[in-house]
Every structure is written in structure tokens, then in C-alpha cells.
Amino acid sequence: MREVQVGVGDRSCSVASGGPALPLSRPLTAPSSFHVMAKPTGAICNLDCRYCFYLDKKSLYPGDSFRMPEDVLENYLRQTLESQTAPVVTLAWQGGEPTLIGLPFFRRAVVMADGLVREGQRVEHSLQTNATLLTREWAEFLAEHDFLVGVSLDGPRALHDAYRVDKRGAPSFDKVMRGLGHLHEHNVRYNLLCTVHGANEAHPLEVYRFFRDECGAQFIQFIPIVERDGTESDDRSDKVTGRSVTPEGWGRFLIAVFEEWLSHDIGAVFVQSFDAALASWLHLPATICVFAETCGNAVALEHNGDVYSCDHFVESEHLLGNISETHLIELVSSPIQRRFGEAKRDSLPRSCLKCDVRFACNGECPKNRFVTTPEGEEGLNYLCAGYRDFFHHIDGSMRLMADLLRAKRPASDVGSIFAKAPRNKPCPCGSGAKAKRCHGS
Ligand code: SF4
Ligand code: SF4
């Protein structure tokens, strides 16, 4: 046990530093960087969102207090900072609802991280929250330490409240907007995370324009809700609940938002799926795991130090170990975790292997691969039809934007290419329609 002195301003403390030491040499299989979603309150949340896949994870820890103890916090921060080779290390807090642990925990985490940071390293904090518990005091703290805050919001009131309710079934929209207001007042950096599901999939423009025009959002993520139906013994079934987005609805949603963004907001609003697609068209490494060829570099850390292969695979068979016993870099580099990540590529069905948009899709996330291909092979992604439609639809525009960026011009110049296109000639987007009936209009 050794002591590390940390101090920021007048708040200094000593940190009892135990836990496993960094291996003498970095494992050969260690990724150059990786992401940890740390859950200080485990699966505990003040809301009861109808589609949440994480609330049930409480059952993995019966009788637990679901509060990250001091030694786990210290091990997590120290091991993360020891393991990462990049100059900027993001410490990502998530839940459940992480703010339930209270502001003092986060104040302490920031001080502790500052005391453990290595020379040449800089720490950034991010927090994913439902925003209902954010107060002025929280916002001041988040602004002071330049947190990037992800706020879960599913659209305007009726669409948001369809599934995002509290434990009594009461709507949460007003509380989220109040929390967002505090973030605005204090200029906290934030992005909106919107799940797309059965209630909002038919309203893409209503959702997107609300975020852009009424929330003033500049960074938006859309995440599809795919909720398996049926029991454990029935788990090969491809049934989903009515809350799930339909594959075609997911494609239509992305296409409608893409067209609105292309016409009005390119360069001003950033939509994660569109940025990720542009990286694929530029043949750059994938920017999000679901579109990468392999994954395995984003683990979940439970409140007690248990590390799982991924936030979507917090299950006993995907438990890698505990950071109180094994150093984080060894867990992330372990053969079992490397195989988990490579399986994303190695388990693709033939439909994906011969698919013309595989370079952008890569079969998306393995958790959604539970349908059978027309040839009878298992393991096709439930959302396949939507992704095919979306990637085919954006192909022409993405090619133009990628060419612009390669020519050191902004992607937003695509607007002037459309505007200058001869009205009676095919639209440069590749749709086959005349420009005057497509983007030239
Ligand atoms: S399993 Fe899915 S969510 Fe998890 S790392 Fe792989 S692609 Fe990402
Ligand atoms: S679009 Fe469908 S077939 Fe193509 S890579 Fe994605 S999931 Fe596979």
C-alpha cells in the first residue's frame, strides 16, 4: 500500500493506493487506447425508462449498496491513467444514473484524477445522464471542470415521455429540460443522445428540428432501440417488442434527418452517425465501435470494480475480472477480450461479406445480429434493411463530401455543388433524379 499526495487549490487529500500494479511490460495484445464506461452507481437509476436494457443488471449484485467505494475509484483512475498511451485520457461516467452518487463523489474523483495524471497526460471527463437531477450547483461544477455531458432526450414532450418515465410512471420531460437549462446557463458542453424507438421513429424531422431549434443542440447522437422479446429458452427467436424501432423505420429516420442536415446544417450541427459514415467514405478508421470491423476496446466497469466486455454484454459469461485483483490493461488485453472483439468480424454471415456497404456498416453491433439471412444463415443484423437503405441513400453525397475534404475544402461546400448543377441533368448526389427535382431544387 503506498500513499499518493494529490492537491488542487485548497482541496488536498491523500489517496490510499492499493490494488494490482501495472505489469512490467505492456501486454503485446494491449490496444493503444481503449474506453471504459464507469458506473459509480451500477444499474441504479431514478427513472424507469421502459426500454432500458441496464436496469435488470441489478440482479447481478443482490443486496449490494451500488456505490463505488473509494478504493475502487482510486484503482480505476490510477489503472486507467497508467494504461492509456494517448496524451488525452477521457474518464467516462455512466449508469444507471451516475449523478445519484452525489456531487461530493465527483469532486473527489476530479481531485484524485488530477493527482494521478502522468506527465504529458491530460484528463477529460464525460458524463452520460438523464439530466433530471442536475442543479445549478452541478452545472457550476461541470463547467468548472469542462465536463462533456451527454443528455438523454428522445424528442419533444410527447415523444420523450412515451417511454422515459420515473419509477411511478410519471413523465420526465420537464425535469430533463430544467437540467438542460442549467447546462445552457453555465455554458457546459453537452450533446443530446436520442434513442429511436416505436414511438418516435415516424417523426424524424419533429425530433431533429426540436433539438436544433428549441434546444440549440450542436451535437446529436441517434441510437436504435432493439429490444428482444421472448424468454431465455426462446432466445433464438427474432421477435422484438413493440417499443423497438423497425429496421425500415430506422433507415427512414436516418435518411430524413440526413436530408434536413444536408440542406441546412452541415458544418453547424454534428450528427454522430453522419460523421462516422463520412470517416468510412474517407477510408479512415471507424469512429464508433458499432461500425468498426472489430470491437472490444470499450469495456464496462461496474461499481464494485468488475469489468465486462462491453456495456451491452454485462453478463456473467462476459465478466473479465475485477480491477482489485487484475490490472485493467491485463483485462482489456486478455485473450478472451481480444476474441470478443474479433468475433464481430469473424462471425459475419455471407450476406454481410458480399454486401456493398460493408465498409461502412460491418454488420453493426453483434447484440443486434439475431435474424436469419434469406439464404437461411443465422447472425444477420436485425437493422440490416435500414442500414442498407441509409448507406445506399447517402452514397453519392458522401462521395462528394469525401472528395471535398481530400481537396482540403470543407464538406459544407457540397451545397454549392448542388446549387450549380444544371437543372435538367442528373443530380450530383447520384439519386438518378434530375437536379431540379432533387438537391438542385
Ligand atoms: S458489442 Fe456492440 S456496443 Fe459493444 S463494443 Fe462491440 S460493437 Fe460496440
Ligand atoms: S447492411 Fe446488412 S448485409 Fe450489409 S453489412 Fe450491414 S448488416 Fe451486413
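The following questions and answers go through a predicted model.

Trainee: How are the axes of helix 2 and helix 3 oriented: roughly parallel, roughly antiparallel, roughly perpendicular or oblique?
Mentor: Two packed helices are described by the angle between their axes and the distance between the axes. Here the axes of helix 2 (residues 103-116) and helix 3 (residues 136-144) come within 11 Å and cross at roughly 10°. Angles under 35 degrees count as roughly parallel. Therefore helix 2 is, relative to helix 3, roughly parallel.

Trainee: How do the residues of the contact of helix 2 with helix 3 divide into nonpolar, polar and charged?
Mentor: Helix 2 contributes L103, F106 and R107, while helix 3 contributes E137, W138 and F141. Asp, Glu, Lys and Arg count as charged. The contact residues thus divide into four nonpolar, no polar and two charged.

Trainee: Which helices and strands do the buried residues of helix 6 pack against?
Mentor: Helix 6 spans residues 204-214, and its buried residues are P204, V207, Y208, F210, F211 and R212. After helix 6 comes G216, with a positive phi near 70°. The partners of the buried residues are helix 4 (157-161), strand 7 (189-196), strand 8 (219-224) and helix 7 (247-264).

Trainee: Is H160 buried or exposed?
Mentor: H160 is in helix 4. Leaving out residues up to four places away in sequence, H160 touches L153, D154, G155 and F173. A residue is buried if 20 or more other C-beta atoms lie within 10 Å of its own. Because H160 has 25 C-beta neighbours inside 10 Å, it counts as buried.

Trainee: How far apart in space are H160 and V207, C-alpha to C-alpha?
Mentor: V207 is among the buried residues of helix 6, and those residues pack against helix 4, among other elements. H160 has its place in helix 4. The two residues are 47 apart in sequence, and their C-alpha to C-alpha separation is 9.4 Å.

Trainee: Which helix gives the most to the shell around ligand 2?
Mentor: The residues surrounding ligand 2 are S351, C352, C355, V357, R358, C361, G363, E364, N381, C384, Y387 and R388. By class they divide into six nonpolar, three polar and three charged. Helix 11 (350-353), helix 12 (358-361) and helix 13 (384-406) each supply at least two residues of this shell. The one that gives the most, with three residues, is helix 13.

Trainee: Which residues does Y387 touch, not counting those up to four places away in sequence?
Mentor: Y387 lies in helix 13 and is one of the residues around ligand 2. Y387 counts as buried because it has 25 C-beta neighbours inside 10 Å. I255 is 132 residues from Y387 in sequence and 9.9 Å from it in space, C-alpha to C-alpha. The residues that Y387 touches are G251, C361 and E364.

Trainee: How many residues of the shell around ligand 1 are nonpolar?
Mentor: Around ligand 1 are C289, V290, C295, A298, C310, H312, K344, C365, P366 and K367. One residue of this shell is polar and two are charged. The nonpolar residues number seven.

Trainee: Which helix supplies the largest share of the largest nonpolar core?
Mentor: This core has 101 residues, of which V149, V151, V299, L301 and V307 touch the most other members. The largest share is eight residues, and they come from helix 13.

Trainee: Which residues does V307 touch, not counting residues up to four places away in sequence?
Mentor: V307 is one of the core residues that touch the most other members. With residues up to four places away in sequence left out, the residues that V307 touches are V299, L301, L320, G321, N322, I323, L328 and L331.

Trainee: Where is omega near 10°?
Mentor: Most residues other than glycine have a negative phi, and most peptide bonds are trans. One cis bond leads into G96, which lies in the loop between strand 4 (88-93) and helix 2. With omega near 10°, this is the peptide bond from G95 to G96.

Trainee: Is A131 buried or exposed?
Mentor: A131 has a positive phi near 70° without being a glycine. Its place is in the loop between strand 5 (122-129) and helix 3. With 27 other C-beta atoms within 10 Å, A131 is buried.

Trainee: And D146, is that residue buried or exposed?
Mentor: D146 also is not a glycine and has a positive phi, near 50°. D146 is in the loop between helix 3 and strand 6 (148-152). Because D146 has 10 other C-beta atoms within 10 Å, it is exposed.

Methods
Residues numbered from 1 in each chain as written. Chains lettered and ligands numbered in written order. Predicted model: local features only at pLDDT ≥ 70, side-chain atom pairs only at ≥ 80, totals over all residues. Axes fitted to C-alpha atoms, helices over the stretch in contact; angles between N-to-C directions. Helix = DSSP H or I, 4+ residues; strand = E, 2+ residues; numbered from the N terminus. Parallel < 35°, antiparallel > 145°, perpendicular 65-115°, else oblique. Contact = placed C-beta atoms within 7 Å. Buried ≥ 20, exposed ≤ 12 C-beta atoms within 10 Å, placed from the backbone. Near = placed C-beta within 6 Å. Core = buried A, V, L, I, M, F, W, Y, C linked by C-beta atoms within 7 Å.
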